[in-house]
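Reader: Hey, could you walk me through this one? I'm new to reading structures.
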Amino acid sequence: MPDSNPSAVIQYLNKGDFQCLFDVLHERGYRVVGPRIDQQAIVYDEIRRVEDLPRGWTDEQVPGEYRLRRRADDAWFGFAVGPHSWKRFLFPPEAVVARAQAIAGNWEFSDVPDSAAPFAFLGVRACELAALAVQDRVFLEGAYVDPIYRARRQAALIVAVNCTTAASTCFCTSMNTGPECQAGFDLALTELHDGFEIVVGSEIGRAIAARLPLCEATSANLQQASRNRRNARDQITKRLDTDGIRELLLANLDHPRWSDVAERCLSCTNCTMVCPTCFCASVDEVSDLDTSQVDRTRRWDSCFNFEFSHLVDGPIRNTIRARYRQWLTHKLASWIDQFGTSGCVGCGRCITWCPVGIDLTEEVAAIRARPS
(Lines give C-alpha, C1' and ligand atoms only; values in the text may rest on other atoms or scores of the structure.)
Protein backbone atom coordinates (compact mmCIF):
# COMPACT_ATOMS: atom_id res chain seq x y z
CA MET A 1 0.00 0.00 0.00
CA PRO A 2 1.47 3.39 -0.97
CA ASP A 3 2.48 6.14 1.41
CA SER A 4 0.26 9.18 1.85
CA ASN A 5 2.84 11.84 0.93
CA PRO A 6 4.32 11.71 -2.57
CA SER A 7 7.85 12.90 -3.31
CA ALA A 8 8.40 16.10 -5.28
CA VAL A 9 10.93 14.39 -7.55
CA ILE A 10 9.70 14.66 -11.15
CA GLN A 11 11.27 12.57 -13.88
CA TYR A 12 10.58 11.67 -17.50
CA LEU A 13 10.12 8.33 -19.27
CA ASN A 14 10.14 8.10 -23.04
CA LYS A 15 7.23 6.17 -24.53
CA GLY A 16 9.70 3.97 -26.37
CA ASP A 17 10.93 2.72 -22.98
CA PHE A 18 7.50 2.21 -21.38
CA GLN A 19 7.64 -1.56 -21.84
CA CYS A 20 10.43 -1.51 -19.26
CA LEU A 21 7.83 -0.66 -16.61
CA PHE A 22 5.86 -3.79 -17.50
CA ASP A 23 9.02 -5.88 -17.43
CA VAL A 24 10.10 -4.59 -14.01
CA LEU A 25 6.65 -5.18 -12.53
CA HIS A 26 6.50 -8.72 -13.88
CA GLU A 27 10.01 -9.44 -12.59
CA ARG A 28 8.85 -8.40 -9.11
CA GLY A 29 5.98 -10.89 -9.28
CA TYR A 30 3.11 -8.50 -9.93
CA ARG A 31 0.08 -9.29 -12.01
CA VAL A 32 -0.30 -6.09 -14.01
CA VAL A 33 -3.89 -4.94 -14.45
CA GLY A 34 -4.75 -1.95 -16.58
CA PRO A 35 -6.97 -0.57 -19.33
CA ARG A 36 -7.65 -2.51 -22.50
CA ILE A 37 -10.50 -2.73 -24.99
CA ASP A 38 -13.02 -5.53 -24.64
CA GLN A 39 -16.60 -5.71 -25.91
CA GLN A 40 -16.44 -2.14 -27.20
CA ALA A 41 -15.51 -0.64 -23.85
CA ILE A 42 -12.29 0.23 -22.04
CA VAL A 43 -12.13 -2.19 -19.12
CA TYR A 44 -9.56 -3.20 -16.52
CA ASP A 45 -7.95 -6.56 -17.13
CA GLU A 46 -4.57 -8.24 -17.10
CA ILE A 47 -2.13 -6.68 -19.55
CA ARG A 48 1.41 -7.69 -20.38
CA ARG A 49 2.62 -5.32 -23.06
CA VAL A 50 2.30 -1.73 -24.23
CA GLU A 51 0.34 -3.01 -27.22
CA ASP A 52 -2.47 -4.11 -24.88
CA LEU A 53 -3.26 -0.48 -23.97
CA PRO A 54 -6.13 1.29 -25.81
CA ARG A 55 -3.77 3.59 -27.70
CA GLY A 56 -5.49 6.13 -29.90
CA TRP A 57 -8.95 5.49 -28.41
CA THR A 58 -11.21 7.65 -26.27
CA ASP A 59 -14.71 7.37 -24.86
CA GLU A 60 -17.80 9.52 -25.30
CA GLN A 61 -20.06 9.42 -22.26
CA VAL A 62 -23.42 11.01 -21.56
CA PRO A 63 -26.22 9.84 -19.25
CA GLY A 64 -27.15 6.33 -20.35
CA GLU A 65 -24.63 6.15 -23.22
CA TYR A 66 -21.03 5.05 -23.68
CA ARG A 67 -19.22 4.88 -27.03
CA LEU A 68 -15.63 4.39 -28.11
CA ARG A 69 -14.19 6.46 -30.91
CA ARG A 70 -10.80 7.03 -32.45
CA ARG A 71 -8.79 10.01 -31.29
CA ALA A 72 -7.03 12.39 -33.63
CA ASP A 73 -3.76 11.46 -31.89
CA ASP A 74 -2.19 8.27 -30.51
CA ALA A 75 -2.66 9.03 -26.81
CA TRP A 76 -2.39 5.94 -24.61
CA PHE A 77 -4.55 7.15 -21.69
CA GLY A 78 -6.76 9.68 -23.47
CA PHE A 79 -10.06 8.50 -22.01
CA ALA A 80 -12.07 8.73 -18.81
CA VAL A 81 -13.21 5.80 -16.62
CA GLY A 82 -15.15 2.80 -17.96
CA PRO A 83 -17.54 0.26 -16.42
CA HIS A 84 -14.89 -1.43 -14.28
CA SER A 85 -13.31 -0.19 -11.08
CA TRP A 86 -10.39 -1.53 -9.06
CA LYS A 87 -12.92 -2.72 -6.47
CA ARG A 88 -13.45 -5.91 -8.46
CA PHE A 89 -9.84 -6.97 -7.79
CA LEU A 90 -9.61 -5.99 -4.12
CA PHE A 91 -13.18 -6.88 -3.14
CA PRO A 92 -13.93 -9.62 -5.71
CA PRO A 93 -17.49 -10.13 -7.01
CA GLU A 94 -17.47 -13.65 -5.61
CA ALA A 95 -15.25 -15.19 -2.94
CA VAL A 96 -15.31 -18.27 -0.72
CA VAL A 97 -14.87 -16.98 2.82
CA ALA A 98 -15.19 -20.24 4.79
CA ARG A 99 -15.51 -23.99 4.22
CA ALA A 100 -17.04 -26.91 6.10
CA GLN A 101 -16.06 -30.51 5.26
CA ALA A 102 -17.51 -33.78 6.50
CA ILE A 103 -14.55 -35.90 7.59
CA ALA A 104 -14.91 -39.21 9.45
CA GLY A 105 -18.42 -38.37 10.57
CA ASN A 106 -17.54 -34.92 11.87
CA TRP A 107 -17.68 -31.44 10.36
CA GLU A 108 -14.42 -29.54 10.16
CA PHE A 109 -14.54 -25.79 9.58
CA SER A 110 -11.73 -23.77 8.04
CA ASP A 111 -10.89 -20.48 6.40
CA VAL A 112 -10.08 -20.48 2.69
CA PRO A 113 -6.77 -18.69 2.02
CA ASP A 114 -6.84 -16.15 -0.78
CA SER A 115 -4.35 -17.18 -3.45
CA ALA A 116 -4.42 -14.11 -5.69
CA ALA A 117 -1.04 -12.87 -6.93
CA PRO A 118 -0.13 -9.30 -5.92
CA PHE A 119 -1.65 -6.75 -8.27
CA ALA A 120 0.01 -3.78 -9.94
CA PHE A 121 -2.77 -1.41 -10.96
CA LEU A 122 -1.75 0.67 -13.97
CA GLY A 123 -3.84 3.68 -14.93
CA VAL A 124 -5.55 4.53 -11.63
CA ARG A 125 -7.23 7.95 -11.86
CA ALA A 126 -7.53 10.53 -9.10
CA CYS A 127 -11.19 9.78 -8.40
CA GLU A 128 -10.27 6.11 -8.15
CA LEU A 129 -7.51 6.84 -5.64
CA ALA A 130 -10.19 8.56 -3.59
CA ALA A 131 -12.44 5.52 -4.00
CA LEU A 132 -9.66 3.24 -2.75
CA ALA A 133 -9.29 5.49 0.29
CA VAL A 134 -13.04 5.20 0.94
CA GLN A 135 -12.89 1.42 0.65
CA ASP A 136 -9.93 1.41 3.05
CA ARG A 137 -12.14 3.18 5.60
CA VAL A 138 -14.87 0.58 5.11
CA PHE A 139 -12.78 -2.58 5.11
CA LEU A 140 -9.68 -1.76 7.13
CA GLU A 141 -10.33 0.94 9.71
CA GLY A 142 -13.46 -0.19 11.53
CA ALA A 143 -14.04 -2.81 14.18
CA TYR A 144 -14.22 -5.53 11.52
CA VAL A 145 -11.43 -5.93 9.00
CA ASP A 146 -12.00 -7.83 5.77
CA PRO A 147 -9.07 -10.28 5.44
CA ILE A 148 -9.33 -10.70 1.65
CA TYR A 149 -9.35 -6.97 1.04
CA ARG A 150 -6.55 -6.38 3.54
CA ALA A 151 -4.22 -8.95 1.99
CA ARG A 152 -4.83 -7.76 -1.56
CA ARG A 153 -4.64 -4.07 -0.70
CA GLN A 154 -1.41 -4.36 1.26
CA ALA A 155 0.23 -6.22 -1.61
CA ALA A 156 -1.05 -3.93 -4.37
CA LEU A 157 1.11 -1.44 -6.25
CA ILE A 158 -0.57 1.71 -7.56
CA VAL A 159 0.61 3.35 -10.79
CA ALA A 160 -1.69 6.34 -11.17
CA VAL A 161 -2.28 8.33 -14.35
CA ASN A 162 -3.44 11.93 -14.26
CA CYS A 163 -6.48 12.68 -16.39
CA THR A 164 -5.83 14.73 -19.51
CA THR A 165 -9.40 14.46 -20.78
CA ALA A 166 -12.75 14.26 -19.02
CA ALA A 167 -16.19 12.87 -19.82
CA SER A 168 -19.37 14.93 -19.66
CA THR A 169 -20.46 12.76 -16.71
CA CYS A 170 -17.37 13.52 -14.58
CA PHE A 171 -17.83 15.74 -11.51
CA CYS A 172 -14.74 14.95 -9.42
CA THR A 173 -14.04 18.67 -8.97
CA SER A 174 -17.27 18.95 -6.96
CA MET A 175 -16.13 16.14 -4.66
CA ASN A 176 -12.53 17.43 -4.34
CA THR A 177 -11.21 14.12 -5.64
CA GLY A 178 -9.57 15.13 -8.91
CA PRO A 179 -8.71 15.33 -11.68
CA GLU A 180 -5.09 15.61 -10.47
CA CYS A 181 -3.59 12.75 -8.43
CA GLN A 182 -2.37 14.13 -5.10
CA ALA A 183 -1.57 11.13 -2.88
CA GLY A 184 -2.14 7.41 -2.42
CA PHE A 185 0.04 6.20 -5.30
CA ASP A 186 3.43 4.58 -5.70
CA LEU A 187 4.05 6.22 -9.07
CA ALA A 188 1.99 8.89 -10.83
CA LEU A 189 2.20 9.54 -14.56
CA THR A 190 1.10 12.41 -16.76
CA GLU A 191 1.03 11.57 -20.44
CA LEU A 192 2.89 13.86 -22.84
CA HIS A 193 3.20 13.54 -26.60
CA ASP A 194 6.37 11.42 -26.59
CA GLY A 195 6.59 10.25 -22.99
CA PHE A 196 5.43 10.53 -19.40
CA GLU A 197 6.14 12.86 -16.53
CA ILE A 198 6.66 10.60 -13.50
CA VAL A 199 6.27 11.45 -9.81
CA VAL A 200 7.42 9.00 -7.13
CA GLY A 201 4.98 8.52 -4.25
CA SER A 202 6.51 5.78 -2.07
CA GLU A 203 9.70 3.88 -1.35
CA ILE A 204 8.63 0.92 -3.46
CA GLY A 205 7.76 3.36 -6.22
CA ARG A 206 11.25 4.80 -5.90
CA ALA A 207 12.78 1.32 -6.17
CA ILE A 208 10.82 0.61 -9.35
CA ALA A 209 11.68 4.00 -10.82
CA ALA A 210 15.37 3.25 -10.20
CA ARG A 211 15.07 0.31 -12.62
CA LEU A 212 13.65 2.47 -15.42
CA PRO A 213 15.60 4.51 -18.00
CA LEU A 214 14.46 7.85 -16.60
CA CYS A 215 15.85 11.32 -17.05
CA GLU A 216 15.05 14.57 -15.33
CA ALA A 217 11.93 16.24 -16.66
CA THR A 218 12.68 19.44 -18.56
CA SER A 219 10.83 22.71 -18.07
CA ALA A 220 9.08 22.05 -21.39
CA ASN A 221 7.96 18.62 -20.10
CA LEU A 222 6.61 20.18 -16.92
CA GLN A 223 4.75 22.91 -18.78
CA GLN A 224 3.17 20.44 -21.19
CA ALA A 225 2.16 18.14 -18.33
CA SER A 226 0.56 21.05 -16.50
CA ARG A 227 -1.37 22.06 -19.63
CA ASN A 228 -2.58 18.51 -20.16
CA ARG A 229 -3.85 18.22 -16.59
CA ARG A 230 -5.52 21.62 -16.84
CA ASN A 231 -7.23 20.48 -20.03
CA ALA A 232 -9.06 17.76 -18.09
CA ARG A 233 -10.13 20.19 -15.36
CA ASP A 234 -11.39 22.69 -17.94
CA GLN A 235 -13.54 20.00 -19.61
CA ILE A 236 -15.49 19.20 -16.43
CA THR A 237 -18.84 20.95 -16.59
CA LYS A 238 -21.05 18.80 -14.37
CA ARG A 239 -21.46 20.03 -10.80
CA LEU A 240 -22.86 18.68 -7.54
CA ASP A 241 -23.50 21.21 -4.82
CA THR A 242 -22.36 19.40 -1.67
CA ASP A 243 -22.97 22.28 0.74
CA GLY A 244 -25.09 20.85 3.56
CA ILE A 245 -26.00 17.86 1.42
CA ARG A 246 -26.37 15.47 4.35
CA GLU A 247 -28.88 17.68 6.10
CA LEU A 248 -30.66 18.46 2.81
CA LEU A 249 -31.33 14.82 1.93
CA LEU A 250 -32.20 13.60 5.41
CA ALA A 251 -34.65 16.49 5.85
CA ASN A 252 -36.43 15.63 2.58
CA LEU A 253 -37.18 11.92 2.89
CA ASP A 254 -40.77 12.53 1.78
CA HIS A 255 -39.91 14.79 -1.14
CA PRO A 256 -42.01 14.14 -4.28
CA ARG A 257 -38.82 13.82 -6.34
CA TRP A 258 -38.32 10.32 -4.94
CA SER A 259 -41.55 9.22 -6.61
CA ASP A 260 -40.58 10.99 -9.81
CA VAL A 261 -37.26 9.18 -10.11
CA ALA A 262 -38.90 5.87 -9.14
CA GLU A 263 -41.04 6.10 -12.29
CA ARG A 264 -37.83 6.11 -14.36
CA CYS A 265 -35.57 3.81 -12.33
CA LEU A 266 -35.49 0.16 -13.41
CA SER A 267 -33.96 -1.03 -10.12
CA CYS A 268 -31.47 -2.87 -12.35
CA THR A 269 -28.48 -2.44 -9.93
CA ASN A 270 -26.19 -1.06 -12.67
CA CYS A 271 -25.29 2.02 -10.61
CA THR A 272 -24.14 -0.06 -7.64
CA MET A 273 -22.27 -2.59 -9.76
CA VAL A 274 -20.16 0.07 -11.52
CA CYS A 275 -19.70 2.24 -8.41
CA PRO A 276 -16.11 2.06 -7.11
CA THR A 277 -17.19 2.36 -3.46
CA CYS A 278 -20.46 0.40 -3.06
CA PHE A 279 -19.76 -2.65 -0.90
CA CYS A 280 -23.08 -4.44 -0.32
CA ALA A 281 -22.76 -8.22 -0.38
CA SER A 282 -24.77 -11.31 0.48
CA VAL A 283 -23.63 -14.72 1.72
CA ASP A 284 -24.84 -18.13 0.53
CA GLU A 285 -24.09 -21.66 1.71
CA VAL A 286 -23.21 -23.73 -1.37
CA SER A 287 -22.75 -27.51 -1.04
CA ASP A 288 -21.24 -29.98 -3.46
CA LEU A 289 -23.34 -32.79 -4.96
CA ASP A 290 -22.79 -35.32 -2.16
CA THR A 291 -23.12 -32.63 0.56
CA SER A 292 -19.72 -33.51 2.01
CA GLN A 293 -18.44 -29.95 1.55
CA VAL A 294 -20.20 -26.66 2.06
CA ASP A 295 -18.67 -23.34 1.01
CA ARG A 296 -19.76 -20.05 2.46
CA THR A 297 -19.68 -17.81 -0.61
CA ARG A 298 -19.86 -14.04 -0.58
CA ARG A 299 -21.24 -12.29 -3.66
CA TRP A 300 -21.79 -8.69 -4.57
CA ASP A 301 -25.33 -7.58 -3.89
CA SER A 302 -27.22 -4.31 -4.22
CA CYS A 303 -29.66 -2.29 -2.16
CA PHE A 304 -31.71 -2.08 -5.38
CA ASN A 305 -32.46 -5.80 -5.26
CA PHE A 306 -35.94 -6.56 -3.93
CA GLU A 307 -34.73 -9.24 -1.51
CA PHE A 308 -31.78 -7.26 -0.15
CA SER A 309 -33.80 -5.76 2.73
CA HIS A 310 -35.67 -8.99 3.48
CA LEU A 311 -36.41 -9.51 7.17
CA VAL A 312 -38.76 -11.96 8.91
CA ASP A 313 -41.93 -10.58 7.34
CA GLY A 314 -40.45 -9.71 3.95
CA PRO A 315 -38.53 -6.83 2.36
CA ILE A 316 -38.77 -3.54 4.23
CA ARG A 317 -37.98 -1.55 1.07
CA ASN A 318 -40.49 -3.09 -1.32
CA THR A 319 -40.80 -0.14 -3.71
CA ILE A 320 -38.32 1.34 -6.17
CA ARG A 321 -38.90 4.70 -4.52
CA ALA A 322 -37.68 3.35 -1.19
CA ARG A 323 -34.70 1.58 -2.73
CA TYR A 324 -33.50 4.57 -4.76
CA ARG A 325 -33.90 6.84 -1.75
CA GLN A 326 -31.92 4.37 0.38
CA TRP A 327 -29.07 4.29 -2.16
CA LEU A 328 -28.78 8.03 -2.67
CA THR A 329 -29.19 9.06 0.97
CA HIS A 330 -26.66 6.44 2.07
CA LYS A 331 -24.16 7.39 -0.62
CA LEU A 332 -24.31 11.14 0.01
CA ALA A 333 -25.56 11.47 3.60
CA SER A 334 -25.51 8.63 6.12
CA TRP A 335 -22.20 7.35 4.68
CA ILE A 336 -20.72 10.47 6.25
CA ASP A 337 -22.08 9.39 9.64
CA GLN A 338 -20.63 5.91 9.25
CA PHE A 339 -17.22 6.63 7.76
CA GLY A 340 -16.61 10.37 8.02
CA THR A 341 -16.60 10.88 4.26
CA SER A 342 -18.96 10.88 1.31
CA GLY A 343 -19.48 7.60 -0.50
CA CYS A 344 -19.30 9.39 -3.86
CA VAL A 345 -16.06 10.36 -5.63
CA GLY A 346 -17.59 12.02 -8.70
CA CYS A 347 -16.47 9.46 -11.27
CA GLY A 348 -19.85 9.61 -13.04
CA ARG A 349 -20.08 5.88 -13.72
CA CYS A 350 -23.56 5.60 -12.23
CA ILE A 351 -24.76 8.28 -14.66
CA THR A 352 -23.19 6.78 -17.78
CA TRP A 353 -24.20 3.21 -17.09
CA CYS A 354 -27.77 3.86 -15.97
CA PRO A 355 -29.89 2.46 -18.83
CA VAL A 356 -32.37 5.33 -18.54
CA GLY A 357 -29.78 8.04 -17.86
CA ILE A 358 -30.70 8.98 -14.28
CA ASP A 359 -28.24 11.61 -13.08
CA LEU A 360 -27.80 11.82 -9.30
CA THR A 361 -26.53 15.41 -9.58
CA GLU A 362 -29.84 16.40 -11.18
CA GLU A 363 -31.84 14.55 -8.53
CA VAL A 364 -30.05 16.37 -5.72
CA ALA A 365 -30.42 19.69 -7.54
CA ALA A 366 -34.16 19.14 -7.92
CA ILE A 367 -34.56 18.51 -4.18
CA ARG A 368 -32.39 21.51 -3.35
CA ALA A 369 -34.42 23.74 -5.69
CA ARG A 370 -37.72 22.94 -3.96
CA PRO A 371 -37.14 21.42 -0.51
CA SER A 372 -40.24 20.00 1.13
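Author: Sure, and let's start with a term: a nonpolar core is a set of buried Ala, Val, Leu, Ile, Met, Phe, Trp, Tyr and Cys residues joined through side-chain atoms within 4.5 Å. Also keep in mind that this is a predicted model.

Reader: OK, so how many residues does the largest nonpolar core have?
Author: It has 38 residues, and Trp86, Phe121 and Phe185 have the most contacts inside it. Helix H3 gives the most to this core, with 9 residues.

Reader: What does Trp86 touch?
Author: Leaving out residues up to four places away in sequence, its contacts include Val33, Tyr44, Phe121, Glu128 and Leu132.

Reader: And which residues does the second core include?
Author: That separate core has 31 residues, among them Phe18, Val50, Trp76 and Leu189.

Reader: Switching topic: at what angle do H11 and H13 pack?
Author: About 90 degrees, with their axes 12 Å apart. Angles of 65 to 115 degrees count as roughly perpendicular, so H11 and H13 are roughly perpendicular to each other.

Reader: Which residues make that contact?
Author: H11 brings Tyr324, Trp327, Leu328 and Leu332, while H13 brings Leu360, Glu363 and Val364. By class, that's 6 nonpolar, no polar and 1 charged.

Reader: Last one: where is Asp17 found?
Author: Asp17 sits in the loop between strand S1 and helix H1. Its relative accessibility is 28%, so Asp17 counts as partly exposed.

Reader: And how far apart are Asp17 and Leu212?
Author: They are 195 residues apart in sequence, but 8.0 Å apart in space, C-alpha to C-alpha.

Methods
Residues are numbered from 1 along each chain as its sequence is written. This is a predicted model: local features need pLDDT of at least 70, side-chain atom pairs count only at pLDDT 80 or more; totals for chains, interfaces and linings use all residues. Side-chain values use heavy atoms; hydrogens and water are left out. Axes are lines fitted to C-alpha atoms, for helices over the stretch in contact, and angles run from 0 to 180 degrees between N-to-C directions. Helices (H or I, at least four residues) and strands (E, at least two) are DSSP runs, numbered from the N terminus. Angles under 35 degrees count as roughly parallel, over 145 as roughly antiparallel, 65 to 115 as roughly perpendicular and the rest as oblique. Contact means heavy atoms within 4.5 Å. Ala, Val, Leu, Ile, Met, Phe, Trp, Tyr, Cys and Pro count as nonpolar, Asp, Glu, Lys and Arg as charged, and the others, Gly among them, as polar. Buried means under 20% relative accessible area, exposed over 50%, partly exposed in between (1.4 Å probe, protein chains only).
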